[in-house]
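Reader: I'd love a friendly walk through this structure, one question at a time. Could you take me through it?

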Amino acid sequence: MPEIPSRRGLLLGSAALGAGAFLTACTSNEPKESSAGSTDNQAAAADDKPGKKVTIGFAGPQADHGWLNAINVNARERAEKYSDVTLDITEGSNDTAAQIGQIDTLINKKVDVLVILPADGKAMTQAGLKAMRAGIPVVNLDRVFASPQAYRCWVGGDNYGMGLNAGHYIGELLKDKKNAKVVELSGPDNLELTKQRTQGFDDALKNYPNIKKVARQQAEFTVETGQAKMAQILQAQKSFDAMWNHDDDQGVGALRAIDQAGRDDFVMVGGAGALSAMEAIQADNSVLKATVLYPPTMSASAIDLARALGQGKGVSGLAEHEIPTSLTLYSAVVTKDNVKEYLPTGFK
């Protein structure tokens, strides 16, 4: 097996919204006159100090996947950090009508801010619009609404970037190997995120003319489908050099199929950042050598942003008076060289 290169990215998560007001260069006790366009007079920025009390409504889908459960856990833990935040979290549902009803309940309660991870972004756009029209700002989490009028701020992961970083990691690993072959175990093709991840992966591989993708199977983000589809790939492809698996939960099944086939002649890269994947990477005793993050810490960042909205503040470290319109989190590549840094973010 070829030597695994080190590749480290910066994860832009809730830490970017941490404590401390933005500092100016003014050292005098007297007010400093500023010219047009100057940033000397900074807006109030959200920090850890108690401020105006804010009630945040949180509505998400059913936590039937490790990543979705981690979304709920991160949101709750982040809210508990602030004495000025009350979190009103609904019972998750994958039924669009049921989730719309839950959001209506939060609107009727007149929460200060809503954080919504829709079961279906397009289908639930009207729920976001209704909240915004009722004067309740919405932080749209991950699955984007069809209209930007349905939210004040969007925060989420970078599906295209996941594929791009996975492809570049594998590309750098195999760039000196003649006629290198890779395979892909994707998520469901009916999901836009799957298409984006595959597109990013394919675009990255275009930078490495010696590498050819020889097989692709779609699984369903479950252990069972991961195992079945990986078994099909292994049966059809007697040799290849690397594979990218879109999701670490289905990767558990893929690893079972690999073990059952007795194969260890390639490198596997996972996706999302499950704790089990990080522990396997740390142990360094399987084909799994890296995973590309889709950080569930985004829900903690969403709580930070919602709190800032409710208090009428900006983001610490930024000059603007308001929080951003969108925040895309980086898909860091976790390897044995940096896994200790990311282990606390791994989800079960």
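Reader: How many bridges link strand E9 and strand E10, and in which sense do they pair?

Author: In this predicted model, strand E9 covers residues 267-272 and strand E10 covers residues 288-293. Val269 stands opposite Ala290 in E10. The two strands pair in the parallel sense, over 5 bridges.

Reader: Nice! Which are the edge strands of the open sheet?

Author: The open sheet has 6 strands with mixed pairing, in the order E7-E6-E8-E9-E10-E12. An edge strand here pairs on one side only. That description fits strand E7 (211-218) and strand E12 (333-334).

Reader: And at what angle does helix H5 run to E6?

Author: Helix H4 lies across E6, E7, E8, E9, E10 and E12, running at about 165 degrees to E8. Helix H5 (residues 192-205) also packs on the sheet, where it touches E6, E7 and E8. The direction of H5 makes an angle with that of E6 of about 170 degrees.

Reader: Let's look at one residue of E8. Is Ala242 buried or exposed?

Author: Ala242 sits in strand E8 and touches Ile170, Leu174, Lys181, Val182, Val183, Phe266 and Val267, leaving aside residues up to four places away in sequence. Ile170 is 72 residues away along the chain, yet the C-alpha atoms of Ala242 and Ile170 are separated by 6.9 Å. The relative accessible area of Ala242 is 0%, and the cut-off for burial is under 20%, so Ala242 counts as buried.

Reader: Now for a loop. What is the relative accessible area of Lys175?

Author: Lys175 is found in the loop between helix H4 (159-174) and strand E6 (180-186). Its side chain joins that of Glu172 in a polar contact of 3.0 Å. Lys175 is partly exposed, and its relative accessible area is 42%.

Reader: How far apart in space are Lys175 and Tyr208, C-alpha to C-alpha?

Author: Leaving out residues up to four places away in sequence, Lys175 touches Tyr208 and Asn210. Lys175 and Tyr208 are 33 residues apart in sequence. In space, C-alpha to C-alpha, the distance between them is 6.4 Å.

Reader: One last pair: how are H2 and H3 oriented to each other?

Author: The axes of helix H2 (residues 96-108) and helix H3 (residues 125-133) come within 10 Å and cross at roughly 5 degrees. Ile100, Ile103, Asp104 and Ile107 of H2 make the contact with Ala127, Lys130 and Ala131 of H3, a group of 5 nonpolar, no polar and 2 charged residues. Angles under 35 degrees count as roughly parallel, and therefore H2 and H3 are roughly parallel.

Methods: Residues numbered from 1 in each chain as written. Predicted model: local features only at pLDDT ≥ 70, side-chain atom pairs only at ≥ 80, totals over all residues. Heavy atoms only, no water. Axes fitted to C-alpha atoms, helices over the stretch in contact; angles between N-to-C directions. Helix = DSSP H or I, 4+ residues; strand = E, 2+ residues; numbered from the N terminus. Parallel < 35°, antiparallel > 145°, perpendicular 65-115°, else oblique. Contact = heavy atoms within 4.5 Å. Nonpolar A, V, L, I, M, F, W, Y, C, P; charged D, E, K, R; others polar. Buried < 20%, exposed > 50% of the residue type's maximum accessible area, 1.4 Å probe, protein only. Polar contact = N/O pair within 3.5 Å; in protein donor to acceptor, adjacent residues only side chain to side chain. Pairing = 2+ DSSP bridges.
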